[in-house]
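Thank you for making time this morning. I would like to walk you through a structure that is new to most of us, taking it one part at a time.

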Amino acid sequence: YPKDAHNQGYQFWMPTLGLFTGARQNELAQLYLDDIKQVDGGVWVIDINDDGPDKKLKNHSSKRRVPLHPFLVDTLRLPTGYVEQMRSKGKKRLFPELPGGRDGYSKNISRWFNSKYKVACGVVQKEGEGKKDFHSLSGTFATHLARKQVPDKMLKQVLGHADDGSTTFSVYVEDFPPEQLLEEVIKRVDYGLDLSHLKRCKRFVIQ
């Protein structure tokens, strides 16, 4: 990132999206441009769904709308910059460079992330530690918010995890609206990192 050396859009956006949405690898890889939309009077979300023969979800709870963090919307201008540029080029998918396969669109991401990107970042698998791969970004996101005492039901909705709690919450309580999730969950994501250099990307951040 500091060298602005990514060659493909997914290489720039996938780790960033993973860190600020907690979404699964293939959920992000299979996004269409139309899945990035405004709802509830202006809240930008990624609409994670299986509307189409080439889309797959892990389970029923995976279908959800995840609000986009202000860093993605205002600083990196994902929806109004990169998405609109791709649309102007006649593209339909967020990452059209990724080929589909039996298990979705994530094969090339896994290969790149584990054999090149992770290695370049100096991430080493130590004995006795859990596996470090793209899914670790979701774990970081979830742990960060859990330590900030974000309500469990809200966090599960954002992550697309089934609510296995009481009958009252799993059956009778409706989902939280995107505006509330943005204010009470997503905006609380602050890793204390200076990521301002991402804005200087000449190829994938469209001002």
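Let me begin with a definition: a residue is called buried if its relative accessible area is under 20%, exposed if it is over 50%, and partly exposed in between, using a 1.4 Å probe and protein chains only. Please keep in mind that this is a predicted model, in which local features need pLDDT of at least 70 and side-chain atom pairs count only at pLDDT 80 or more, while totals for chains, interfaces and linings use all residues. Residues are numbered from 1 along each chain as its sequence is written, and side-chain values use heavy atoms, with hydrogens and water left out.

With those terms in hand, consider glutamine 149, which sits in the loop between H6 and H7 and counts as exposed because its relative accessibility is 70%. Its phi is near 60 degrees, a positive value in a residue other than glycine. The names H and S refer to DSSP runs numbered from the N terminus, helices being H or I runs of at least four residues and strands being E runs of at least two.

On one side of that loop is helix H6, residues 135-147, where we find glycine 139, which is partly exposed at 32% relative accessible area. The C-alpha atom of glycine 139 is separated by 9.1 Å from that of leucine 19, although the two are 120 residues apart along the chain. On the other side is helix H7, residues 152-159, which is largely enclosed by the rest of the structure, because seven of its eight residues are buried. Just after H7, glycine 160 has a positive phi of about 75 degrees.

A second positive phi outside glycine brings us to the strands. Strand S1, residues 36-39, pairs with strand S2, residues 43-48, in the antiparallel sense over four bridges, where pairing requires that DSSP finds at least two bridges between the strands. Valine 39 has valine 43 in S2 as its bridge partner. In the loop between S1 and S2 lies aspartate 40, whose phi is positive, at about 50 degrees, although it is not a glycine; at 43% relative accessibility, this aspartate 40 counts as partly exposed.

Let me turn to the aromatic residues. Rings of Phe, Tyr and Trp, the last by its six-membered ring, form a pair if their centres lie within 6.5 Å, and planes under 30 degrees apart count as stacked, over 60 as edge-to-face and the rest as tilted. By this rule there are 13 aromatic pairs. In one of them, phenylalanine 12 and phenylalanine 204 have ring centres 6.1 Å apart and planes at 35 degrees, so the pair is tilted. This pair links distant parts of the chain, since phenylalanine 12 belongs to helix H1, residues 9-21, and phenylalanine 204 to the segment after helix H9, 178-184, with their positions 192 residues apart. Phenylalanine 12 is buried, at 2% relative accessible area, and phenylalanine 204 is buried as well, at 5%.

Finally, which side chain does glutamine 25 join through a polar contact of 2.7 Å? The partner is serine 110, a polar contact being a pair of N or O atoms within 3.5 Å, where within protein one must be able to donate a hydrogen and the other to accept it, and residues adjacent in sequence count only if both atoms are side-chain atoms. Glutamine 25 lies in helix H2, residues 25-29, and is buried, with a relative accessible area of 15%.
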